[in-house]
Amino acid sequence: MLLTSGMTASAAEIFTLMMRELPNVTLIGEPTSGEFSDIFSGILPNSWDFGLSNERYTATDGAVYEKVGIPPQQEVLITLEDIQAGRDAVLEAALEHLQRKALTNMPMDFD
């Protein structure tokens with residue numbers, strides 16, 4: 001399980017892009033933020049700081065998720081109501097997914 005949200009960005013998003021290619025990994029949660037690029041920063045002659053996005057990350061199929069984010073395989077939205085209630089719907093969905101997977105992979109007991 002890899003849990004994602006709109007706050008999944010930068011290095012975490014690059015990690016997500018790699019992990020989604022593994023057959024035993026399931027992405028659950030919200031799409032990631034779509035903010036992959038590393039920043040090239042510098043200082044101009046007038047002492048202004050600047051930062052430029054200078055990299056392009058692509059998935060193995062050539063898709064680019066910059067600005068749109070990586071979609072999860074099982075989307076679970078994080079709502080204000082859940083946050084206020086202290087409920088983590090994404091974690092709950094991940095635990096349910098693991099329970100279903102465990103039940104379908106249980107060996108038969110013939111005793």
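**Sheet, helices and nonpolar cores of the predicted model**

Isoleucine 28 faces glutamine 74 of strand S5. The structure described here is a predicted model. Strand S2, which spans residues 27-29, is joined to S5 by two bridges, and these two strands run parallel. Helix H3, formed by residues 89-104, packs on the sheet and touches S1, S2 and S5. The direction of H3 makes about 140 degrees with that of S2.

The sheet itself is open and consists of three strands in the order S1-S2-S5, with parallel pairing. Its edges are formed by strand S1 (2-4) and strand S5 (74-75), each of which pairs on one side only. In general, the strands of a sheet pair through backbone hydrogen bonds, in either a parallel or an antiparallel manner.

Helix H1 comprises residues 11-19, and Glu13, Ile14, Thr16 and Leu17 are buried within it. These residues lie on the same side of H1 because they cover an arc of only 155 degrees around the axis. The buried residues of H1 pack against S1 and S2. On the face of the helix turned away from this buried side, the exposed residues Ala11 and Met18 are found.

The loop between H1 and S2 contains valine 25. This residue has a relative accessibility of 10% and therefore counts as buried, the cut-off being under 20%. When neighbours within four places in sequence are left aside, the contacts of valine 25 are Leu2, Met19 and Gln73. Valine 25 and glutamine 73 are 48 residues apart along the chain, and their C-alpha atoms are separated by 9.8 Å.

Valine 25 also belongs to the largest nonpolar core, which has nine residues. The other members of this core are Leu2, Ile14, Leu17, Leu27, Phe36, Ala59, Tyr65 and Ile70. Apart from this core lies another, of six residues, which include Ile28, Ala89, Val90 and Ala93.

Within the nine-residue core, the surroundings of isoleucine 70 can be described in further detail. With neighbours within four places in sequence again left aside, isoleucine 70 is in contact with Glu13, Thr16, Leu17, Arg20, Leu27, Glu30, Pro31, Thr32, Phe36 and Tyr65. Among these contacts, Glu13, Thr16 and Leu17 are buried residues of helix H1, and Leu17, Leu27, Phe36 and Tyr65 are members of the largest nonpolar core.

Methods:
Residues are numbered from 1 along each chain as its sequence is written. This is a predicted model: local features need pLDDT of at least 70, side-chain atom pairs count only at pLDDT 80 or more; totals for chains, interfaces and linings use all residues. Side-chain values use heavy atoms; hydrogens and water are left out. A nonpolar core is a set of buried Ala, Val, Leu, Ile, Met, Phe, Trp, Tyr and Cys residues joined through side-chain atoms within 4.5 Å. Buried means under 20% relative accessible area, exposed over 50%, partly exposed in between (1.4 Å probe, protein chains only). Contact means heavy atoms within 4.5 Å. Two strands pair if DSSP finds at least two bridges between them. Helices (H or I, at least four residues) and strands (E, at least two) are DSSP runs, numbered from the N terminus. Axes are lines fitted to C-alpha atoms, for helices over the stretch in contact, and angles run from 0 to 180 degrees between N-to-C directions. The arc is that of the directions from the helix axis to the C-beta atoms.
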